[in-house]
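Here is a short, friendly report to read alongside the sequence and the structure. Keep the viewer open and follow the residues as they come up.

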Amino acid sequence: MNNVIPQEGRWYSYRGSRELYQVINVDDSDRVIYFQDMRGDIDEVDFDEWYAMDLELLTDLDELELFEDDDDDYRAEAEWGRLHAQGR
């Protein structure tokens, strides 16, 4: 069980893996968290599922570079996230 609070716009990773997720909406009334992966696919989990996941908050956008691979689309999306966060 994790104690990582979901925050809209923040990136999370599964501990020990290359999977990244960005929270796009937290619906407190329905107790649902909507998130997208690096490729833009959107999914949802309820609060219980979220807290059962082994997640960690990425505290620095430079950490996204650690997850880049040789796939150009993957790298471009990570770069988009960095530019978006910088307001460009």
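Which kind of contact do the side chains of Arg 15 and Glu 56 meet in? They form a salt bridge, with N and O 3.5 Å apart. Before following that contact further, please bear in mind that this is a predicted model.

## Overall layout

The protein chain holds two helices and five strands. From start to end of the sequence, the order is β-β-β-β-α-β-α. The chain has 88 residues, and 34% of them count as buried.

## Salt bridges

How many salt bridges does a search of the whole structure find? The search gives three, and the table lists them.

| Positive residue | Negative residue | N to O distance |
|---|---|---|
| Arg 15 | Asp 54 | 2.8 Å |
| Arg 15 | Glu 56 | 3.5 Å |
| Arg 31 | Asp 48 | 4.0 Å |

Let us begin with Arg 15 and Asp 54, whose closest N and O atoms are 2.8 Å apart. Arg 15 sits in the loop between strand E1 (11-14) and E2, while Asp 54 sits in the loop between H1 and E5, so this pair ties together parts that are 39 residues apart in sequence. Both partners are partly exposed: Arg 15 has a relative accessible area of 43%, and Asp 54 has one of 42%.

Now back to the opening pair, the salt bridge of Arg 15 with Glu 56. Because Arg 15 is in the loop between E1 and E2 and Glu 56 is in strand E5, the pair ties together parts that are 41 residues apart in sequence. Glu 56 is partly exposed too, at 30% relative accessibility.

The remaining pair to look at is Arg 31 with Asp 48, where the closest N and O atoms are 4.0 Å apart. Here a residue in the loop between E2 and E3, Arg 31, pairs with one in helix H1, Asp 48, so parts that are 17 residues apart in sequence are tied together. Arg 31 is partly exposed at 43% relative accessibility, whereas Asp 48 is exposed, with a relative accessible area of 60%. As for how the bridges connect, shared partners join Arg 15, Asp 54 and Glu 56 into one network.

Arg 31 is worth a second look for its backbone. Its phi is near 55°, a positive value in a residue other than glycine. As general background, most residues other than glycine have a negative phi.

## The nonpolar core

Which residues make up the largest nonpolar core? There are 12 in all: Val 4, Tyr 12, Tyr 21, Val 23, Val 26, Ile 33, Phe 35, Val 45, Phe 47, Trp 50, Met 53 and Leu 55. Strand E2 (20-27), strand E3 (32-37) and helix H1 (47-52) are the elements that give two or more residues to this core. The largest share comes from E2, with three residues. In soluble globular proteins, nonpolar side chains tend to be buried together.

Val 23 makes a good example of a core member. This valine lies in strand E2 and is buried, with 1% relative accessibility. Between the C-alpha atoms of Val 23 and Gly 9 there are 5.5 Å, although the two residues are 14 apart in sequence.

## A charged patch on the surface

Turning to the outside, where does negative charge gather? Asp 41, Asp 43, Glu 44, Asp 46 and Glu 49 form a patch of negative charge on the surface. Strand E4 (residues 42-46) gives the most to the patch, with three residues. Glu 44 is found in strand E4 and is partly exposed, with a relative accessible area of 43%.

## A loop residue to finish

Is Thr 59 buried or exposed? Thr 59 is exposed, because its relative accessible area is 61% and the cut-off for exposed is over 50%. This threonine is found in the loop between strand E5 (55-57) and helix H2 (72-85). Its C-alpha atom is separated by 8.1 Å from that of Trp 11, a residue 48 positions away along the chain.

Note on methods
Residues are numbered from 1 along each chain as its sequence is written. This is a predicted model: local features need pLDDT of at least 70, side-chain atom pairs count only at pLDDT 80 or more; totals for chains, interfaces and linings use all residues. Side-chain values use heavy atoms; hydrogens and water are left out. Patches are made of residues with over 30% relative accessible area and no salt bridge: like charges are joined within 9 Å, nonpolar side chains (Val, Leu, Ile, Met, Phe, Trp, Tyr) within 5 Å. Accessible areas come from the Shrake-Rupley method with a 1.4 Å probe; for residues, only the protein chains shown count as cover. Lys and Arg count as positive and Asp and Glu as negative; His and the chain ends are not counted. The place of a charge is taken as NZ of Lys, CZ of Arg, CG of Asp or CD of Glu. Helices (H or I, at least four residues) and strands (E, at least two) are DSSP runs, numbered from the N terminus. Buried means under 20% relative accessible area, exposed over 50%, partly exposed in between (1.4 Å probe, protein chains only). A nonpolar core is a set of buried Ala, Val, Leu, Ile, Met, Phe, Trp, Tyr and Cys residues joined through side-chain atoms within 4.5 Å.
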